[in-house]
Amino acid sequence: MKKVRLIVPLLLLVLLIVGAGLSTMAQMSEQVLRSAHDAEWTGLDPHVASTVSSFYVLANVVESLTTNNDDLELTPLLATDWSQSEDGLSWTFNLREGVHFSNGVEMTSEHVVFSMNRIINPETGSGRVASVGGPDAVWEAVGTHTVTVTTPDPNAILPILLASRATAVVHQDSVDENGVIVVPIGTGPFTVEDLDGTISMRLAKNENYWQDGLPLLDAVEISVIQEDAAREAALLGGEVDFVTSVAPQAVEALQGNADIVVHVAPALAYKYIGLNLTREPYDDVRVRQAIAYAINRDDLCSAGDFGLCTPLYGGPIDTGSPWHFDYAPYSQDVEKAKALLAEAGYADGFDMELMPTSTYQDTVRQAQVLQAQLGAIGIRTTINAPEWAEWLELEGNYRYDGYICSWNGLTDVEHYFYLQHRTDEVFNFTGYSDPAFDALVDQGRQVSDFDERFAIYEQANQILVDAVPYVYFYNPAFVRVMSTNVKGYVLRSDNANLYMNTYLEG
Amino acid sequence: MNYQYVLQRLLSAIVVVLGVTIVVFIIVQIVPGDPARVMLGPYASDEAVLGLRERLGLDRPILEQYLLWLGRAARGDLGQSLLNGQEVAAQLWGRIGPSFELAMVSLAIGLAIAFPIGMISALKPGSVVDVVATLFSQIGVSVPTFWMGILLVIVVSLNLGLLPPSGYTPIAEDPGDWLAHIILPAFTAGFVSASIQTRFIRSAMLDVLNANYVQTARAKGLAERAVVVNHALRNALINIVTIIGLQITALFSGIVIVEVVFSWPGLGRLALNAVEERDYPLLQGAVLVVAVMVTMVNLFVDLLYFLLDPRIEYV
């Protein structure tokens with residue numbers, strides 16, 4: 001009896017050890033990337049979500065008709081080719097055949113029309129209506145793999161605007177009874193599994209993915225570590241293989257670490273202060289120019305992003321973009337700034353409130369630097385740094401003197417100039433309005449030839465830089481840090497976080 | 001034990017919880033910031049924001065919104081998160097366990113530090129131990145929690161590689177890993193808690209040690225150990241339990257920063273995000289859970305008084 005008593009636990013122990021060994025072996029043969037994201041996703045409805053943290057996930061789960069490749073050139077994705085009608089009022093997209101959603105259903109034109117109509121439907125509350133042709137666009141299925149879209153006015157750049165996961169094609173079953181997408185059913189290389197609120201999830205390989213041999217990983221285990229130091233420690237301690245960002249001040253030290261690879265790429269983004277043109281004295285162009293001349297962009301860059309940036313002395317587009325324009329008049333010139341202020345009748349300066357947001361500390365640091373720089377030309381500034389939700393409300397209702405913010409994920413020149421600067425456009429929160437500028441950016445939408453468009457936007461850029469509704473500070477840089485065994489990941493200037501070609505070596 | 005008293009307290013707890021939900025509901029409406037605008041980002045059109053407000057029911061009168069919420073909550077339906085569409089109740093349920101575990105381990109660490117130090121410094125006031133204990137308390141109260149947390153991450157995790165810097169493993173899944181992950185956050189929260197408790201234990205003990213009945217006990221010739229443990233400590237416990245109760249409620253609701261620094265999936269971090277994103281249903285749900293927990297702890301502490309000192313009568 002005693003022997004039997006001993007054998008049972010011994011057997012159990014052996015089973016346990018063997019089981020643990022087998023599961024470890026299975027884990028070893030599985031390619032699983034452990035990735036720490038820096039912020040919790042704010043929902044996974046691609047048509048509604050607006051945060052970078054949501055698209056860090058969604059970029060791997062859903063796909064759009066067109067996309068930008070790693071060199072940011074427009075390329076086919078779910079559509080194989082497209083053409084515009086002669087009158088310019090409609091586009092035809094031919095869809096890729098043999099594409100399946102993660103639930104196994106084949107993607108057809110019906111799904112495309114459903115998704116585009118969901119974006120246009122005001123009840124969805126999507127901020128991307130302009131990207132699918134505007135509220136009056138009509139999407140129709142012509143065959144199982146062909147769709148057309150008709151717009152009231154010619155739209156030469158629709159395929160460019162569609163190159164965003166925010167216009168993703170999803171399966172109808174993604175939408176729950178409340179009209180919300182909690183977990184999208186897409187055609188992307190991964191599917192969402194084990195979703196735990198907004199703190200962790202597993203992206204599992206989509207077995208139905210249409211690109212042969214992809215994705216290379218079996219899964220990505222995503223956790224959220226908001227604190228910079230803890231995220232860095234998790235990477236260095238081997239708890240995770242990959243982090244979506246580190247504190248900019250830590251980059252230099254990490255670059256010297258042999259076990260770590262630091263990727264840095266110039267960001268298609270810019271940081272700026274928007275001036276309220278509906279208020280005095282910012283309605284006077286000389287005052288705005290004075291502010292543009294007064295600031296030292298290198299100091300702002302050091303304070304805001306610890307030197308990981310390229311200063312902008314004119315328009316918002318960095319030298320790395322094909323849409324960079326040379327016009328750059330605003331090198332720091334304090335005397336000229338003072339003279340402009342005097343000419344505008346503000347020789348003794350004036351009081352100004354700077355509005356960064358406490359949610360993004362880089363904007364607060366920039367405000368502190370601006371305070372000193374504007375003080376040098378007699379502008380007496382105070383800083384009001386509300387948190388994000390309140391900030392958005394103040395900005396949206398023009399209740400500010402100057403707001404400090406950034407624009408991200410811009411690829412085409414249209415993204416830079418149209419919606420943020422054209423009269424009464426939804427992105428224009430400074431009140432800037434100039435018919436000459438409007439005419440140019442309207443014309444830019446009708447043209448698809450690069451050189452022709454370049455010439456148009458070059459003029460628009462100059463008008464804008466001279467009018468200074470925004471003072472552009474600099475283009476920041478994106479950073480990703482990973483263990484040396486993580487291969488194939490490409491850090492892109494549009495910040496698209498794609499795990500599809502990533503794999504683990506060794 | 002007076003069961004009528006317990007029933008009365010339970011009823012008043014319900015009133016308190018209801019009151020808290022009303023206050024929070026009003027506050028979130030008054031505070032600037034619109035969840036629809038937060039969801040759609042800085043560049044959304046007014047039409048899109050209005051459309052989303054309508055879909056979320058935010059365009060209805062506040063009273064209607066509250067009564068709707070209350071009606072559903074009474075049936076156990078706390079609604080869906082505005083931002084991610086997930087069930088609020090399910091999200092909260094997943095966070096209660098980690099929050100409770102962290103609060104309890106923090107409290108245990110806090111008491112393990114505070115009790116001996118507080119007792120010794122009360123028994124030997126003005127001694128070196130007392131001076132050091134006072135200094136320790138001052139440091140604990142003054143050091144910001146986030147700084148302490150980050151310092152521990154850098155020294156213990158990064159430099160020494162002793163413990164993981166962040167994350168959580170359920171205790172049922174791997175008790176060893178759970179312990180490894182909870183030590184740093186619990187120590188960070190417990191350290192601050194300990195410094196407050198040390199002061200309270202010291203002053204509570206000092207009060208009773210100077211009381212006449214303790215002098216009498218000594219005069220009777222009782223051993224010092226018996227005087228301290230049987231006469232002084234027993235009476236000091238009433239005050240100590242009060243402060244421990246307050247500490248537990250603070251730990252339940254107030255260790256947001258610890259949770260953020262160590263990526264601990266607790267209620268505090270959830271509530272903080274809900275506030276930042278103006279996710280009203282999630283915030284209401286989190287407040288409801290914390291309010292219930294806090295009133296329950298308070299009730300438990302009150303009942304504990306009765307056990308500690310039978311002279312206390314509840315009316």
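1. Helices α7 and α8 of chain B. In this predicted model, α7(B) packs against helix α8(B), residues 175-209, at an angle of about 140°. Their axes are 10 Å apart. Angles over 145 degrees would count as roughly antiparallel, and the two helices are therefore oblique to each other. The crossing of α7(B) and α8(B) is right-handed. On the α7(B) side the contact is made by B:Thr145, B:Met148, B:Gly149, B:Leu152 and B:Val156. On the α8(B) side B:Leu184, B:Phe187, B:Thr188, B:Phe191 and B:Val192 take part. By class, this contact has 7 nonpolar and 3 polar residues, with no charged residues.

2. Chain B as a whole. Chain B has 13 helices and 0 strands, so the order of its elements from the N terminus on reads as α throughout. Its C-alpha trace spans about 85 × 55 × 35 Å along the principal axes. Of the 315 residues in chain B, 41% are buried. Among contacts in chain B with a separation of 6 or more, 71% join residues 24 or more positions apart.

3. The side of chain B that touches chain A. Here 44 residues of chain B are in contact with 48 residues of chain A. On the chain B side, at least two residues each come from α2 (35-40), α3 (46-56), α5 (88-123), α7 (145-159), α11 (256-261) and α12 (267-276). The helix α7(B) of point 1 is thus one of the elements that supply this side. By class, the side of chain B that touches chain A has 21 nonpolar, 16 polar and 7 charged residues.

4. Helices α8 and α10 of chain A. A second helix pair is found in chain A, made up of α8(A), residues 297-305, and α10(A), residues 361-375. Their axes come within 8 Å and cross at roughly 145°. The crossing of α8(A) and α10(A) is right-handed. From α8(A), the residues A:Asp299, A:Leu300, A:Ala303, A:Gly304 and A:Asp305 meet A:Asp362, A:Arg365, A:Gln366, A:Gln368 and A:Val369 of α10(A). By class, the contact of α8(A) with α10(A) has 3 nonpolar, 3 polar and 4 charged residues.

5. Helix α11 of chain A. Which residues of α11(A), residues 388-396, are buried? They are A:Ala389, A:Trp391, A:Leu392 and A:Glu395. Seen down the axis of α11(A), these buried residues fall within an arc of 160°, so they line one face of the helix. Just after α11(A), A:Tyr398 takes a positive phi of about 60°.

6. A:Val62 in its loop. A:Val62 lies in the loop between α2 (52-58) and β2 (66-68) of chain A. Is A:Val62 buried or exposed? A residue needs 20 or more other C-beta atoms within 10 Å to be buried, and A:Val62, with 30 C-beta neighbours inside 10 Å, therefore counts as buried. Leaving aside neighbours within four places in sequence, A:Val62 is in contact with A:Pro46, A:Arg165, A:Ala168, A:Val170, A:Pro184, A:Gly186 and A:Gly188. One of these partners, A:Arg165, is 103 residues away from A:Val62 in sequence. From C-alpha to C-alpha, A:Val62 and A:Arg165 are 6.6 Å apart in space.

Note on methods
Residues are numbered from 1 along each chain as its sequence is written. Chains are lettered from A and ligands numbered from 1 in the order in which they are written. This is a predicted model: local features need pLDDT of at least 70, side-chain atom pairs count only at pLDDT 80 or more; totals for chains, interfaces and linings use all residues. Two residues are in contact if their C-beta atoms, placed from the backbone, lie within 7 Å. Helices (H or I, at least four residues) and strands (E, at least two) are DSSP runs, numbered from the N terminus. Ala, Val, Leu, Ile, Met, Phe, Trp, Tyr, Cys and Pro count as nonpolar, Asp, Glu, Lys and Arg as charged, and the others, Gly among them, as polar. Axes are lines fitted to C-alpha atoms, for helices over the stretch in contact, and angles run from 0 to 180 degrees between N-to-C directions. Angles under 35 degrees count as roughly parallel, over 145 as roughly antiparallel, 65 to 115 as roughly perpendicular and the rest as oblique. A crossing is left-handed if the near helix is turned anticlockwise from the far one by less than a right angle, and right-handed if clockwise. A residue is buried if 20 or more other C-beta atoms lie within 10 Å of its own, exposed if 12 or fewer, and partly exposed in between; C-beta atoms are placed from the backbone. The arc is that of the directions from the helix axis to the C-beta atoms.
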